[in-house]
Amino acid sequence: MIAQQPIRTPIASHPEGNLLPIGPTGAEMLINALVFEGVDTIFGYPGGAVLHIYDELWRARDRITHYLVRHEQGAVHMAEGYARATGRVGVVLVTSGPGATNAVTGIANAYMDSTPIVVITGQVPLHLIGTDAFQEVDTVGITRPCVKHNYLVREASDLAGVVREAFHLARSGRPGPVVIDIPKDVSAARANYSRLDHVAFPFSAQSPPVDRQSVERALAAILNAKKPVLYIGGGIANSGAHETLRFFAETLRLPVTPTLMGIGGFPSSHPLCLGMLGMHGTYAANMAVAESDLLVALGVRFDDRVTGKLATFAPNASVIHVDIDPANIGKNVAPSLPLAGDVNDVLVQFLSLIRERDAERIRKSIQTREAWWDEIRKWQRLQPLRFSGSQNQIKPQSVIRTLHQLTKGEAVITTDVGQHQMWVAQFYPFTRTRQLITSGGLGTMGFGLPAAVGAQLALPDQLVVAVVGDGGFQMTNQELATAIQYKLPVKILVMNNGYLGMVRQWQEMFYDRTYSEVDISVAPDFVKLAEAYGAAGFRAERPSELHDVLEAALNHKGVAVVDIVISKEENVFPIVPAGANARDMIVQ
Amino acid sequence: MRHTLSIVVADEPGELSRIVGLFSARGFNIETLSVGETLDRRWSRVTIVTSGDDRTIQQIVKQCERLARVREVQDVTTSPHIEREMVLITVSADAGAARQEVLSLVSVFRAKVVDISHTQLIVEASGNKEKVDTFIELLRPIGVTDITRTGYIAINRLAASNDHHLERMLS
């Protein structure tokens, strides 16, 4: 039971509201429902349709802190950064029309990367819906394909139940975004309370129970496999399975390769870790998958950036696919053993079955894979991740190495999408889950800076670094003001090559060096820009100054932007061209 | 292969478009679609005829099951079932031989004449896909000027009557 908030006696009624003084307003009920869900942080931007809610939010400012962003996309990415750093549900509040449409990129990003957020959007009053009213847009329609669920709330008395269910949906099963669209008159209307703790949601999504027999068959297949690989994804972080996974992999000495979203789910520098797989994955990881006889897919969705050409992906492997979302299983690859369920539950069952087996059987299983490890070590020696150094130009890979060294591998890193993102994935060995917060599925430029702000808010004692490109930085750099306003001392490393680097690389490699519209060298002075916002600006142009400049920036107490002028035409290697496979990998 | 899916979804605004949107977003095909309430008015039944290989159909079922307000998705085609569609057909047929031909086809197909003028008739027929398609094909040379089809509805057969002969006798 939760104590009910005292109901304020209405003095004046809002012009668009219900005039009957019979209970709290929709806005009050919304705030109380959010508090009931444990919300103490909201990222948002006000506007006409959410005025009632902002009025109430001001009264509730001792219970919920609102962070005023500079663009709604920033608000959603901050909520994502907050959610990804902690596993808690991130909350966003924006107005109708452009407020909602600006939020859509973030919502789609959260959907692709299974991030739990609840986005509350204002809507025009009920009687104006469908009339092309000022700042009206069909938010529920626009967001429908990129949410777990969304609501248009028509009765204030529904609000408590809707909020309850929205949070449940956002964090249960495969997490994701939920949108609650609230017309202005609904937030003003007075209605009877529905008791928060008695709201029933008859539609609750249950995690599928794990099928014991399938688990036994899966473990038997793993023990018998000669060339198994554990292919892990974002599901490890979402199910909190990293420790169980590590214990399981170590017990059977199994090679592990993470996807971009799986990075940190298993320590990158662990001897069993082969590094990331896929388009820009390591040679060893991609060869191991190509040659494997058993692919154990844990919390992954067989994204095309991982598989390349499906028909020839892991051609000799049986596939065991464990995922909490049954629709992920069989979507791109038909597994020989589907296992719908929570990854951690499955791994715990594997471990308990292993304990029941005699130690001799386990030892033999490990022994039979020694030849496999020999093969893998050969690939690792043959083509380690590498880059050529330079005396005059800063190499982006060395920036990441230096960052790793200066932060002792402990920083929380956010990124945008593109070359810098891949260099982070390749050259910063992550040690723990939720340490890399990146836009994986949607590939959103401009994600890194606001995501860092949200993560910093959730983790005030940790060093949070956004590694971004000069392109992505300019898409959301206005959120520097938010970081300054709330004293969130994020560090932003701008990998500045004056190009949209990844597009340029593709044009160089696959379009005969026709550099079509990728030159963005006309840009503001990022040091001055930082200073204009009230942040500290740093610049490194020569390899000799990289270490000291970076160190000074990381040690700066407040928000810092480092403009790092990197070698202009650096490429990300290895690369498996789109629609190809490991054997077509270009390593240098 | 052709499959008939029966989807039970909460009768709330926007739920149908969620299902239809899912089909178009993921590139699934809708051949026919019909919606109506169930015994419990809080729930609607959406019947969709779609086509695809077994894996595609499985994906469609699983994707529909992910929707928060979908209670149940059943591939009716996998077990004995009865499937019906109704059609209204406007036929141009003056009094005379043409009209007699229409009327005799109506009688053979156990259809009904529901409207008539000097030059045209509207006939109503229902049945499974083969019956409705054949009826339209036979009327076409006489002069079909318009048709409206409801899309298929389907229901599983009773356990005791899983017998194709019985279905023929009763239809």
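A nonpolar core is here a set of buried Ala, Val, Leu, Ile, Met, Phe, Trp, Tyr and Cys residues joined through C-beta atoms within 7 Å. In this predicted model, the largest such core has 179 residues, and the members that touch the most other members are Val92(A), Val118(A), Ile180(A), Tyr231(A), Leu493(A) and Val562(A). Helix α6 of chain A (residues 159-171) supplies the largest share of this core, eight residues. Around Ile180(A), with residues up to four places away in sequence left out of the count, the contacts are Val118(A), Ile120(A), Tyr151(A), Val153(A), Val162(A), Val163(A) and Ala166(A). A second core, separate from the largest one, comprises 16 residues, among them Ile19(B), Val46(B), Ile57(B) and Val76(B). In soluble globular proteins, nonpolar side chains tend to be buried together.

Chain A is assigned three domains: domain 1 spans 26-198, domain 2 spans 212-382 and domain 3 spans 396-565. Between the C-alpha centres of domain 1 of chain A and domain 3 of chain A the distance is 29 Å. Their contact involves 23 residues of domain 1 of chain A and 26 residues of domain 3 of chain A. On the domain 1 side, two or more residues each are given by β1 (41-44), α3 (72-86) and α4 (98-112) of chain A. Of these elements, α3(A) provides the largest share, with eleven residues. By class, the domain 1 side consists of nine nonpolar, ten polar and four charged residues.

The contact between the two chains draws on twelve residues from chain B and 13 residues from chain A. On the side of chain B, the elements giving two or more residues are α1 (15-25) and α2 (54-66) of chain B. The largest share there, six residues, belongs to α2(B). The chain B side of this contact divides into two nonpolar, five polar and five charged residues.

Helix α1(B) was also examined for burial. Its buried residues are Glu15(B), Arg18(B) and Ile19(B). These residues lie on the same side of α1(B) because they cover an arc of only 95° around the axis. Ile19(B) is also a member of the second core. The cover over the buried residues of α1(B) includes β1 (2-10), β3 (43-51) and α2 of chain B. Exposed residues Ser17(B) and Ser24(B) sit on the face of α1(B) turned away from its buried side. After α1(B) comes Gly27(B), which has a positive phi near 75°.

Terms used. Residues numbered from 1 in each chain as written. Chains lettered and ligands numbered in written order. Predicted model: local features only at pLDDT ≥ 70, side-chain atom pairs only at ≥ 80, totals over all residues. Domains from an automatic or database assignment. Contact = placed C-beta atoms within 7 Å. Helix = DSSP H or I, 4+ residues; strand = E, 2+ residues; numbered from the N terminus. Nonpolar A, V, L, I, M, F, W, Y, C, P; charged D, E, K, R; others polar. Buried ≥ 20, exposed ≤ 12 C-beta atoms within 10 Å, placed from the backbone. Arc of directions from axis to C-beta.
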